[in-house]
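Thanks for making the time this morning. I would like to walk through one structure with you, and I will keep to what can be read from its coordinates.

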Amino acid sequence: MKILCVADHIDPLVYSATVKTRFSDVEMVLSAGDLPMEYLGFLSSSLNRTVGFVFGNHNLKALPLFRKSGASLLEQTSITAQTQNYYGSTCLEDRVMRLEGLLIAGLGGSIRYNRGEHQFTDFEMNCRLLRLVPRLLWNRLVHGRFLDILLTHAPPRGIHDEEDRCHQGFTGLLWFMRRFRPRYLLHGHIHLYDINAERISRYHETTIINVYDHYVLDYEEDQDREQDREQPARAKGNPRIR
């Protein structure tokens, strides 16, 4: 499975009339934030593929449409919880969902550095992570694994982040990766202006990728993966990045 990942910058190679030809083999689109909803709508309509996204700390005009108000923990983590769609895209904020056979969780926003919207302290992010746990345990029981992809806007602390307050990562993402072992953590927020800048790292069993601009993830599946979509089983497949 090929996944088109986007974040932070509208890439003219993607936002063009040739997008359908250039990315014809893409089966899903994931956005790690700081992109206008119109851009995601363009990808959804042009590629006719599932689009999942989280918000960053910019381009937040549509954020109020997706805020949860007064929902209980059970309602927030229930596998039957309603998911809003907008511009043909599915918001993954504070949710764990199964999209195209993959278990994906989403946590947008950045570290709190001023009084701006959608910014969180480390403690607040830890609380958000803990609210995902019931659904992750359900995944482990039913699907044989906790999670395939964790989609965030900010990176983990000490991996791909920077020392200025605005671009520091979250420490809670480190224990989350150690405990729940997602195959990938995809993030944005850190702009890559240098072609030699580090984009891919490894932490325990998780591959961390900065998907700034655009990145095509080749999630290679074995022949039994189709069977896994029909019935719960243990985790299968060997991921390959290209």
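I will start with the sheet, go on to a hairpin at its edge and a loop beside it, and finish with a helix and a cavity.

Please keep in mind throughout that this is a predicted model.

So, the sheet. Six strands, in the order β6-β7-β10-β11-β13-β12, make up an open sheet whose pairing is mixed. The edges are taken by β6, residues 95-99, and by β12, and because each of these has a single partner strand, one side of each is left without a neighbour in the sheet. If direction is ignored, neighbouring strands here are turned against each other by 25 degrees on average. As an example of the parallel part of the pairing, β7, residues 102-107, is joined to β10, residues 149-152, by 4 bridges, and I104 stands opposite I149 of β10.

Let me now move to the edge formed by β12, residues 200-203. Which residues of this strand are on the covered face, and which on the uncovered one? S201 and Y203 make up the covered face, whereas I200 and R202 lie on the uncovered one. The general background is that side chains in a regular strand alternate between the two faces of the sheet.

The partner of β12 is β13, residues 206-210, which runs antiparallel to β12 and is joined to it by 4 bridges. Within that pairing, I200 has I209 as its bridge partner. The two strands form a hairpin with 2 residues between them, and in the turn H204 takes a positive phi of about 55 degrees.

Across this hairpin there is also a side-chain link, since T207, which is found in β13, makes a polar contact of 2.6 Å with the side chain of R202. Is T207 buried or exposed? With a relative accessible area of 10%, T207 falls under the 20% cut-off and therefore counts as buried.

I200, back in β12, has a relative accessibility of 39%, so this residue counts as partly exposed. The C-alpha atom of I200 is separated by 9.5 Å from that of I159, although the two residues are 41 apart along the chain. I159 belongs to the loop between β10 and α5, the latter being residues 172-180, and I159 is buried, at a relative accessible area of 11%. From I159 one can also look along to G169, 10 residues away in sequence, where the C-alpha to C-alpha distance is 7.6 Å.

That brings me to helix α2, residues 37-47, which is mostly covered, with 8 of its 11 residues buried. Among the buried ones are M37, L40, L43 and L47, and I would remind you that in an α-helix, with 3.6 residues a turn, residues three or four places apart point the same way. Just after α2, N48 has a positive phi of about 55 degrees.

Finally, the internal space. How many cavities of 30 Å³ or more does a search of the whole structure find? The search finds 2 of them, and the largest has a volume of about 40 Å³. Its lining includes M37 and L40, two residues that are also among the buried ones of α2, together with S31, G33, D34, L35, F53, V54 and F55. By character, the lining of this largest cavity divides into 6 nonpolar residues, 2 polar and 1 charged.

That is where I will stop, and I am happy to go back to any of these regions.

Key
Residues are numbered from 1 along each chain as its sequence is written. This is a predicted model: local features need pLDDT of at least 70, side-chain atom pairs count only at pLDDT 80 or more; totals for chains, interfaces and linings use all residues. Side-chain values use heavy atoms; hydrogens and water are left out. Buried means under 20% relative accessible area, exposed over 50%, partly exposed in between (1.4 Å probe, protein chains only). On a 1 Å grid over the protein atoms alone, a cavity is a set of points where a 1.4 Å probe fits but cannot get out, and a pocket is an open set with protein on both sides within 12 Å along at least five of seven lines; lining residues have an atom within 4 Å of a point. Grid points are joined across faces, edges and corners, and a volume is the space filled by probe spheres set on the points. Ala, Val, Leu, Ile, Met, Phe, Trp, Tyr, Cys and Pro count as nonpolar, Asp, Glu, Lys and Arg as charged, and the others, Gly among them, as polar. Two strands pair if DSSP finds at least two bridges between them. A polar contact is a pair of N or O atoms within 3.5 Å; within protein, one must be able to donate a hydrogen and the other to accept it, and residues adjacent in sequence count only if both atoms are side-chain atoms. Axes are lines fitted to C-alpha atoms, for helices over the stretch in contact, and angles run from 0 to 180 degrees between N-to-C directions.
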